Amino acid sequence: MVLLENFKKDLLKGSLAYLILICIIYFPIVFCGKTLSTAARYPWFKQSLPVKVSVIPVMHPSTFNVDLASPAAFEEPIDNFIGDHLKKGIFPMWNPFLACGTVVQEQFSTRSLFPYQLLQNFCPYVLNDFFLLGRLFFAAIGVFIFLKIFGLKFYSAFCGGLAYGFGGAMTVFLTLTQMSNVGMVLPYALIGSELLSLKRTLPRLIFYSIAVALLVMAGQPEVAFYALLFVFSYAVFRMITIKDESQSAVIKKLGSLFFGTGLALLISSPFFIPFLATYDQYYHLHPYGGTQGIETATPLVNFWAIFMPGLLRWRSELTPITINAGWDCLGGYVGITSTIFIIMAFAKRWWARQAYLFFFGWAGFLLFKNMGLPVISWIGKLPIFDQVWTPRWTGVVWNLSWALAAALGLEVLACWFNENPGYASWSSKANKKLVLIIKIFIIVLIVLLTSLSWIMAVVKPGSSSSLRLFISWVSFIITVSSVALFVYLRRDKISWLFLFLALGVACGIFNFESQLLHIDYSFKHLAQVKNKLVILSMHQGILSSAVFGLSILLVFARALKNRAIDKEKLILMLVGAMTIETMFHVTLGYDEAIRFSRLLLYFTGLLYLAFYPVFLSPRKSKDELKYALCLFIAAAVLVRFIGLSALPDRRNVFKQSPEYLPFGRSERIMGIRGLIFPNASAAFGIQDIRSIDSVSLKRYQLFKDYCLLTKPPPKHQSLWFTGVIDSSLMIDIAENIRQRHYFYDLAGVSNYFSPQYELLPRTKLLNDGMIKNYQNLAVMPRAFVVYYWKKVPNAQDALIWLSQNGPVLRLEAVVEGGAGIPEPGKESGDLTPAKIKAHNLHSVIVEAQADAPGLLILTDTYHSNWRVTVDGKPGKIFPADLCFRGVFLDPGKHEVKFIYFPQVFYICISVSALTLLIFILSIFYLVIKRRIAKT
């Protein structure tokens, strides 16, 4: 009972600490009406767009330097689409607004099956940012609970949650919810495996199964693959290594583990079984059996940013879309503090050394795999893992492994402090002199850096003179700090370790320019960068890394070698260092001036920690710490308040469709030159033939690549059909429309929109304002009947026929299949338009008049989950014109109803619900049984 009470108290303290940190770090988000939304940073979602073709987000610069396009152009509009229909009482399974129709559930990154994501989509938009920050809280507190169950003390468990919940994998990719969803659930799956390893009970089995099921449904399977392997291997490791366990007990626990994993797969079956059942109908960049898993190794120079994230944190206004600049290759960062915890644990023996080596080994394994190290990287050749092509998807697992190893390392240091009493206190004269020198140094440094930031941000922003001054100061600070640190530590036994780390920091900083060599920019060296503000931002990253890295080393040197105070305060120094480093590395995209202010604040905080024993007298030590903490929190909030202007306002950019779309929602449109970014149409409720998807239907992919476009896009761009100019091929989308207008007519594009004048065939300019609206005069009906068709056996032959017969699409069609396809009733003849009476998410009703035996073609994407009835009787749908739906009709008037009925999905939902019902009944039975036993 005492242990449970202590656990509850620690859990409450940890929860409050994490919530306070979130409020401090994300103050503008929580209290000031700003947003983390990436869509709000992208100007193509605004009501009116400039005439310029190049779109650059100058107002809200991205200093994340991470992929913002995926959440802005894929996740957020689809989330709005799902949320809008959930509020109407509709669970969306088919999205008719993208790519002539596409599946919602059977995506690699589902947006409609994970409960937390569903709740976020259903709730008012104003709460979106709070749901994002909730992911950080649940990730951090999950790790904290796991470490407490594992047996760690409060501060060690707190640091583990801090290192993971506020680390690189969660904060850098926070808005990329397909990754942060998995990162949020992963600690709870680990808790389930730990509980099941300690004791076999039904509630623990149920908790493990539900946690693993949520892990599978949380987001990208490419992330979940590694997460599942990590959780399962840890459970096996724990069951085998727990002492005083009989062989039969271990076998029973392993049986429970496999059984619980099987139940988890039953619960999560609606996510992956329907996709596997119709896998042959989809196109993806990395299919099974490919080589993606061993491609795209991380450049070695990138690994410096794992410890010093500032090296990859700079403004990216060189192109309209943010460049990943290395984070895709890393998946996150860990910082210097947790690394020192891990290094120090190597030298000390401890009761949990096996677990420490397990976690550190997993982190090292994935990092070496990301490097492309032979043998280790061959995991990418295994089934399923051969699809995980980018190292980014391993980020949550190796970040968590590193955080857990660091927490165990801090526990090692705590035990070591118990065995080694503190050194003698310094003399009072030495204290006074040292305190005076430190205060003068801090004041001078603050004045110089404040003046420098003011000159660069206000007087001469981006000028060559301020840049030279800045570079000179960077070199001076690095040199002086390195020399001072070495002189200070030269007589200590541990000095060589810290000298080695300091040299590592310096190497990472001076090796920074080589970071640019693998980035696909138009330059290879800093001297070739024309934008001076970008150069300033890059060198600011160098300064931040230098000052901060060396300051962290100074804190640890003071803590480990000059321990003039008790163990508790020394631990607080180390925890404080990790907290400050974590808070500093979380960036919100502030501009350069604000980032300088943040550097001053956190650098001063580290200096205070470094000389914490000198400042304190035994009687006032607690009060000094409280006052310093309050002052630091106030300053941190103030700095973030100053940085409000660099963040966009909280608003739903998808609240209403742009004013220049005055026509009916049943018509299809297309934006040229990036106008109305593709997936935004789903949120607006506008039908668009373009899309950005993780998985596309194979037939539409062929139609887009070889009919709508004059040349198929490169592999990495094949799932993106945006309407912008393809810079790699130097092909204008308008040129594709001019050459392939027959197929745009077939797809039902009634209007083209462009921010500039276009020469488009068979169109009429309706609106000559800022946005040009071109009406397509030759557009074919959305549903029509043709009387002559060509039978072919497969999609490849259908594509060949289409490519050769574009001008006769109004007279003829091509149909795939064998038995059941009748012969044409007549040689040829113009099409007969059909009337769409109702067009909903999961049903379409068409009224058609056939003058002879004919083929009704509905230009919505074909999928085997669609069913059809003709005059109330079951019919059969054939692939027509490669990717559309065809139904054969007898002469006369008919009502044709298309219904989306994913039978396998419904079966899986039933199995999942039945499994959860059994869980609920089992828990209810146990509760009743225990109550009866008590009475």
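**Reading strands, helices and cysteines in a predicted model**

Me: How many bridges join strand β19 to strand β23, and which way do the two strands run?

Reply: Strands of a sheet pair through backbone hydrogen bonds, either parallel or antiparallel. In this predicted model, β19 (residues 866–870) and β23 (residues 892–900) run antiparallel and are joined by 5 bridges. Taking one residue of the pairing, Val870 has Val896 in β23 as its bridge partner.

Me: What is the order of the strands in the open sheet, and which are the edge strands?

Reply: The open sheet has 5 strands in the order β16-β17-β23-β19-β20, with antiparallel pairing. Its edge strands are β16 (835–839) and β20 (873–874), each of which pairs on one side only.

Me: Turning to helices, which residues form a nonpolar patch on the surface with Leu12?

Reply: An α-helix has 3.6 residues a turn, so residues three or four places apart point the same way. Leu12 lies in helix α1 (residues 2–25), and together with Leu16, Leu19 and Ile20 it forms a nonpolar surface patch of about 370 Å² of accessible area. Leu12 counts as exposed because its relative accessible area, 53%, is over the 50% cut-off.

Me: Which residues of helix α12 are buried, and what covers them?

Reply: In α12 (residues 269–277) the buried residues are Ser269, Pro270, Phe271, Pro274 and Phe275, and their cover includes α9 (202–217), α10 (221–241), α11 (247–267), β3 (282–283) and α31 (903–934).

Me: Is Cys908 buried or exposed, and how many disulfides does the structure hold?

Reply: Cys908 is buried, at 6% relative accessibility, whereas Cys32 is partly exposed, with a relative accessible area of 26%. The structure holds 0 disulfides.

How values were computed:
Residues numbered from 1 in each chain as written. Predicted model: local features only at pLDDT ≥ 70, side-chain atom pairs only at ≥ 80, totals over all residues. Heavy atoms only, no water. Patch = residues over 30% accessible without salt bridge, like charges linked within 9 Å, V, L, I, M, F, W, Y side chains within 5 Å. Areas by Shrake-Rupley, 256 points an atom, 1.4 Å probe, with all protein chains shown as cover. Salt bridge = Lys/Arg side-chain N within 4 Å of Asp/Glu carboxyl O. Helix = DSSP H or I, 4+ residues; strand = E, 2+ residues; numbered from the N terminus. Buried < 20%, exposed > 50% of the residue type's maximum accessible area, 1.4 Å probe, protein only. Contact = heavy atoms within 4.5 Å. Disulfide = S-S within 2.5 Å. Pairing = 2+ DSSP bridges.
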